[in-house]
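Subject: Structure for your review

Dear colleague,

Please find below the structure that I am handing over to you, with its sequence. My account of what was found in it follows directly after.

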There are 2 protein chains.
Amino acid sequence: MLQQNVYATIITIGDELLIGQTIDTNSAWIAQELNKIGIWVHRRLAVGDVWKDIWQSLEEESRLSDVILITGGLGPTADDITKPLLCQYFGGKMVVNTEALQNVKHIFEVYLKKPMLERNLKQAEVPDTCTVIQNKRGTAPGMWFEKNGKIYMSMPGVPHEMKGMMLHSVIPQLSEKFGLPPIVHRTLLTAGIGESFLAERIREFESTLPANIKLAYLPNYGMVKLRLSAHGNDPRTAAKLEAEFDMLKQQITDVLVADSDTTMQEVVGNILKERKLSLSTAESCTGGYIAHQFTQIPGSSAFFKGGVITYSNELKEKFVDVQSATLKNNGAVSRETVLEMAEGVLRHTGSDYSIATSGIMGPDGGTPEKPVGTVWIGVASRNASEAHSFHFRFDRVRNIEMATMYGLNILRKFILD
Amino acid sequence: MLQQNVYATIITIGDELLIGQTIDTNSAWIAQELNKIGIWVHRRLAVGDVWKDIWQSLEEESRLSDVILITGGLGPTADDITKPLLCQYFGGKMVVNTEALQNVKHIFEVYLKKPMLERNLKQAEVPDTCTVIQNKRGTAPGMWFEKNGKIYMSMPGVPHEMKGMMLHSVIPQLSEKFGLPPIVHRTLLTAGIGESFLAERIREFESTLPANIKLAYLPNYGMVKLRLSAHGNDPRTAAKLEAEFDMLKQQITDVLVADSDTTMQEVVGNILKERKLSLSTAESCTGGYIAHQFTQIPGSSAFFKGGVITYSNELKEKFVDVQSATLKNNGAVSRETVLEMAEGVLRHTGSDYSIATSGIMGPDGGTPEKPVGTVWIGVASRNASEAHSFHFRFDRVRNIEMATMYGLNILRKFILD
């Protein structure tokens, strides 16, 4: 018989997480992987490099959760106290793990090509009460403990190393141990409508949702994701989820961007790839961020030819033939300039579509006519071009992100038209 | 007399944080701001949109902390349960707050230019047991509660709105209430040395640090930050911290990039600005990410002219004059190609310095001679140029980030030489 609900806590250890020097991206990834094997992360906790705080968190979370995943605090340097603490918490004594030792030696011989340090040798020591989770990507081994029916594991905080351990060891072992059906999510992406108005549109739909299907609104960068979730342990529930998801889609066709948990750049990239069309970019105010959205997609060279970053007016003229009269009469932040940029980069690269941006991202550089946050976005194909303006009211980095996401949506609609 | 230690917990509410759909950047920012006024965040907790879990977290954290900051769960849509829960937890009943109502009306009239919805009106309702924290940047008001000597506040999860409330209301009020000296951090940035080797270099220094000064290692992207921390309530402690920091710097001059908590791109940008020099970029494998590092810095147009993203070979020839013979004989990922790219973009933009990248970021596209992760980085000035190769072993996004950070360090050293 299947156990119905397995709850997990993720504990991340490190002062750097508490003082805001590091942003925790590990927990989000871990939660997604655990969801796939039916384990629900109901608490995520960050504590500092403080013996009392770590100890207390282990005691508390073991009352509230079945599985406790710990990341961080395993590096070779002296601010790490996690391993001795775990040794004491679970009893036992420190012993050298032969396989972990060979791994450390191997990494130094083959990759680092340096003599090993004493402190790296110590990394191969683990409490004799744990099962070692080998680390193929680094020198710190992971540890798996069991106590009073609860499972604890400790992994390094380096994302690449933690992910290797999770995928190769932890996930397969937890999956085998609990044998749970996955928690099923169906997510869609909307753009061009605010959270309140979207909620108003689907008020009826929401009120008739069965109790075992949950709806959530996830607003971000002028887009809103809608997510339906259910425990997938019953085929009827899964079928019902699909039916509800279809119904939801039908009510918002005009603002629907994609019916999967995807990104705007992937949606645009897929349209271009399917139609065998190519894209180029001419960025001023977004400064390479639009190109980065596309080039981080695996295989993007199939549709992305490249582009220019024309931060100075001089380069706007030189690289994409913006006329000096246009810059003089209308300014760099204008409909005329972004249209010439988009058309110019299209011509120079021979691409089928292009996108261009010019704006004032702040904190300085605004004028009464063109305040900080003013952005023009132009798109072009061989037969047509159009431009739109926006006024964002955020800080510089967020203005860049917003201009990028609004620009990608304009491009998407322009290609689809 | 000053209270010596004030501990805070940050609770973030939302399933999206637990299933990994959203990465929490709010907590890091909040922790930094609280540190500045001497409040130490010793726990950060994320829970889902579940009544029992939120209630439980309030009970627990009020035992462990003096200040409990809650973000999220205040939007206009029906998956939000935070406000009714707080109303019940702190007693009292829901009432309309006049100022919050005026704010909601104002936002709809002036910015959204749409009729207000019933659900937005409800956003102006708050428990009568709270003091309202007005939200100038959105429709959801914040709430400040006090109970049994503990302070609780609830703010929206939208970063821009939360930050406005923190800066305008919460931080000044907490600062006045506790009157604490700041927690002082001194951070430096190193590059080109691993965590273990750095620890070995400063082992003596570390062992003689006074007990009230803490050292931490923060490795990231091939760089390591070192941070010394102390409670700044005694002028002698602050002076001692400075003295220790100076001593630390002296031991690592050869790998020291900056003696402040900064980024590689800001270091490079500052050198260029001080010397009134300009920069351009020619990116293939980093696809705009290097340009984005510079263009997100306020005022970067003072030194950054722009550049090209030559993703296709065709554009490498067209935009920066890479010779087809070079591409044919050496391939796009080669010393020769990145040198021609760097020299070409320097010529075309008339900049003083340039950087160029070409590589195979994965997951596909590798060959036995040039496996996935192979990257060439070239830098040029009017008199000189040089190229370096790397082999990164991460996923695509991290390979892009690593190539960018290694490239920036090469550029920094090239300019300083």
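The contact between the two chains draws 72 residues from chain B and 72 residues from chain A. On the side of chain B that touches chain A, these residues divide into 31 nonpolar, 26 polar and 15 charged. Please note that the model is a predicted one.

**How the two chains are arranged**

Chain B is superposed on chain A by a rotation of 180° with 0.1 Å of shift along the axis, and the RMSD is 0.1 Å. The two copies are thus related as by a two-fold rotation axis. Of the interface residues of chain B, 100% are also interface residues in chain A, so the copies meet through the same surface.

**The sheet of ten strands**

One open sheet contains strands of both chains. Its ten strands follow the order β17(A)-β16(A)-β15(A)-β13(A)-β14(A)-β14(B)-β13(B)-β15(B)-β16(B)-β17(B), and the pairing is mixed. At the edges are β17 (385-391) of chain A and β17 (385-391) of chain B, each of which pairs on one side only. From one strand to the next, the twist averages 15°.

Where the chains adjoin in this sheet, strand β14 (residues 304-310) of chain A and strand β14 (residues 304-310) of chain B run antiparallel and are joined by five bridges. Within that pairing, Thr310(A) stands opposite Gly306(B) of β14(B). β14(A) also pairs with strand β13 (residues 279-283) of chain A, here in the parallel sense and again over five bridges. In this second pairing, Thr281(A) lies opposite Gly307(A) of β14(A).

Two helices of chain B may be described together with this sheet. Helix α13 (residues 313-320) of chain B lies across β14 of chain A as well as β13 (279-283) and β14 of chain B, and it runs at about 145° to β14(B). Helix α16 (residues 396-416) of chain B packs on the sheet and touches β15 (353-359), β16 (374-381) and β17 of chain B. The direction of α16(B) makes about 30° with that of β16(B).

**The sheet of twelve strands**

Another open sheet has twelve strands, in the order β6(A)-β7(A)-β8(A)-β3(A)-β1(A)-β2(A)-β2(B)-β1(B)-β3(B)-β8(B)-β7(B)-β6(B), and its pairing is likewise mixed. Its edge strands are β6 of chain A and β6 (131-133) of chain B, each pairing on one side only. The twist in this sheet averages 20° from one strand to the next.

The pairings at the chain A end of this sheet can be followed strand by strand. Strand β6 (residues 131-133) of chain A pairs with strand β7 (residues 142-147) of chain A in the antiparallel sense over three bridges. There, Val132(A) has Met143(A) of β7(A) as its bridge partner. β7(A) is joined in turn to strand β8 (residues 150-155) of chain A by five bridges, and these two strands run antiparallel. Lys147(A) has Lys150(A) of β8(A) as its bridge partner. β7(A) and β8(A) form a hairpin with two residues between them, and Asn148(A) in the turn has a positive phi of about 50°.

**Two helix contacts**

In chain A, the axes of helix α3 (residues 51-64) and helix α4 (residues 82-89) come within 11 Å and cross at roughly 45°. That angle makes α3(A) oblique to α4(A). The crossing is right-handed. The contact is made by Trp51(A), Ile54(A), Trp55(A) and Leu58(A) of α3(A) with Thr82(A), Leu85(A) and Tyr89(A) of α4(A). By class, these residues are six nonpolar, one polar and no charged.

In chain B, the axes of helix α2 (residues 26-36) and helix α7 (residues 159-178) come within 11 Å and cross at roughly 15°. With angles under 35 degrees counted as roughly parallel, α2(B) is roughly parallel to α7(B). This crossing is right-handed. From α2(B), the residues Asn26(B), Trp29(B), Ile30(B) and Glu33(B) meet Pro159(B), Met162(B), Lys163(B), Met166(B) and Ile171(B) of α7(B). The contact of α2(B) with α7(B) has six nonpolar, one polar and two charged residues.

With kind regards

Definitions and conventions:
Residues are numbered from 1 along each chain as its sequence is written. Chains are lettered from A and ligands numbered from 1 in the order in which they are written. This is a predicted model: local features need pLDDT of at least 70, side-chain atom pairs count only at pLDDT 80 or more; totals for chains, interfaces and linings use all residues. Copies are superposed by least squares on the C-alpha atoms of residues with pLDDT of at least 70 in both. Two residues are in contact if their C-beta atoms, placed from the backbone, lie within 7 Å. Ala, Val, Leu, Ile, Met, Phe, Trp, Tyr, Cys and Pro count as nonpolar, Asp, Glu, Lys and Arg as charged, and the others, Gly among them, as polar. Two strands pair if DSSP finds at least two bridges between them. Helices (H or I, at least four residues) and strands (E, at least two) are DSSP runs, numbered from the N terminus. Axes are lines fitted to C-alpha atoms, for helices over the stretch in contact, and angles run from 0 to 180 degrees between N-to-C directions. Angles under 35 degrees count as roughly parallel, over 145 as roughly antiparallel, 65 to 115 as roughly perpendicular and the rest as oblique. A crossing is left-handed if the near helix is turned anticlockwise from the far one by less than a right angle, and right-handed if clockwise.
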